[in-house]
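Biologist: Please take a close look at a single part of this structure and talk me through it slowly, one piece after another. I am new to this, so full sentences would help.

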Amino acid sequence: AGRHGPLLVRQVTTCPQCQGRGRVIDEPCPACAASGTALREDKVMFGIPPGIPEGATLRLAGHGMPSPMPGGPPGDAYVNIRTRADPRFTRDGADLWSDLHIQAPDAALGVTAAVPVLGGQVRVRVPPGTEPGSVLRAGGRGLPRYGGHGRGSLNLTVIVDIPRQLSPRQRQLYEQLRAEDAMIRDRKSTRLNSSHS
């Protein structure tokens, strides 16, 4: 309290010794230094929803820092989700992408290939005449849809592997195939020219 001329001014402040608690601790606790709270590490079990996206944040209510007010509720803890990459797949939401390597004869004639999926393998039919870079889709073989129903798709980009070294027999067969292709192209060209004349 203080007087300013004819006025008596009173100012209320928090006690610097007890910090407003109303008591002073002579021998403070070494863990909390008389603050009333001490930090400790704790393990918390919590569920992660299926298909949760990369970078999502989960709130753990009541597992944060203690309240600054005595007896107040504690705050919340927040957990940022980071997923470990699977070298077999690239993730796009609930969809997975992967490369499917096949040989040139398989691309021309068609083949049934075993491809990896989450938890095992699935057989995928590659139709005859499949072009390199084509995308084959296996519905329901991706990740669970986050907050929704069903699963995403597994999308396979077809990569046609061309052999760099050929055995004599393979070279002979490829040369026969090239000669046959040239003959078919010549026939088509002859028919086309005949129809225009």
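Modeller: Two strands are said to pair if DSSP finds at least two bridges between them. With that in mind, we can turn to strand β6 in this model, which is a predicted one, and begin with L96, whose bridge partner in β10 is L154. Further along, I102 has V160 as its bridge partner in β10, and in total eight bridges join β6, residues 95-103, to β10, residues 154-161, with the two strands running parallel.

On the β5 side, L96 stands opposite R91, and here β5 and β6 pair in the antiparallel sense over three bridges. These two strands form a hairpin with two residues between them, and G93, in the turn, has a positive phi of about 65 degrees.

Putting these neighbours together gives an open sheet of four strands in the order β5-β6-β10-β9, with mixed pairing. Its edge strands are β5 (90-92) and β9 (135-138), each of which pairs on one side only, and the twist from one strand to the next averages 35 degrees.

The two faces of β6 can also be told apart, since L96, S98, L100 and I102 make up its covered face, while D95, W97, D99, H101 and Q103 make up the uncovered one.

Finally, the loop between β8 (120-126) and β9 holds T130, which touches A107 and V158, leaving aside residues up to four places away in sequence. A polar atom of the T130 side chain lies 2.5 Å from the backbone oxygen of P127. T130 has a relative accessible area of 11%, so it counts as buried, the cut-off being under 20%.

Notes
Residues are numbered from 1 along each chain as its sequence is written. This is a predicted model: local features need pLDDT of at least 70, side-chain atom pairs count only at pLDDT 80 or more; totals for chains, interfaces and linings use all residues. Side-chain values use heavy atoms; hydrogens and water are left out. Axes are lines fitted to C-alpha atoms, for helices over the stretch in contact, and angles run from 0 to 180 degrees between N-to-C directions. Buried means under 20% relative accessible area, exposed over 50%, partly exposed in between (1.4 Å probe, protein chains only). A polar contact is a pair of N or O atoms within 3.5 Å; within protein, one must be able to donate a hydrogen and the other to accept it, and residues adjacent in sequence count only if both atoms are side-chain atoms. Contact means heavy atoms within 4.5 Å.
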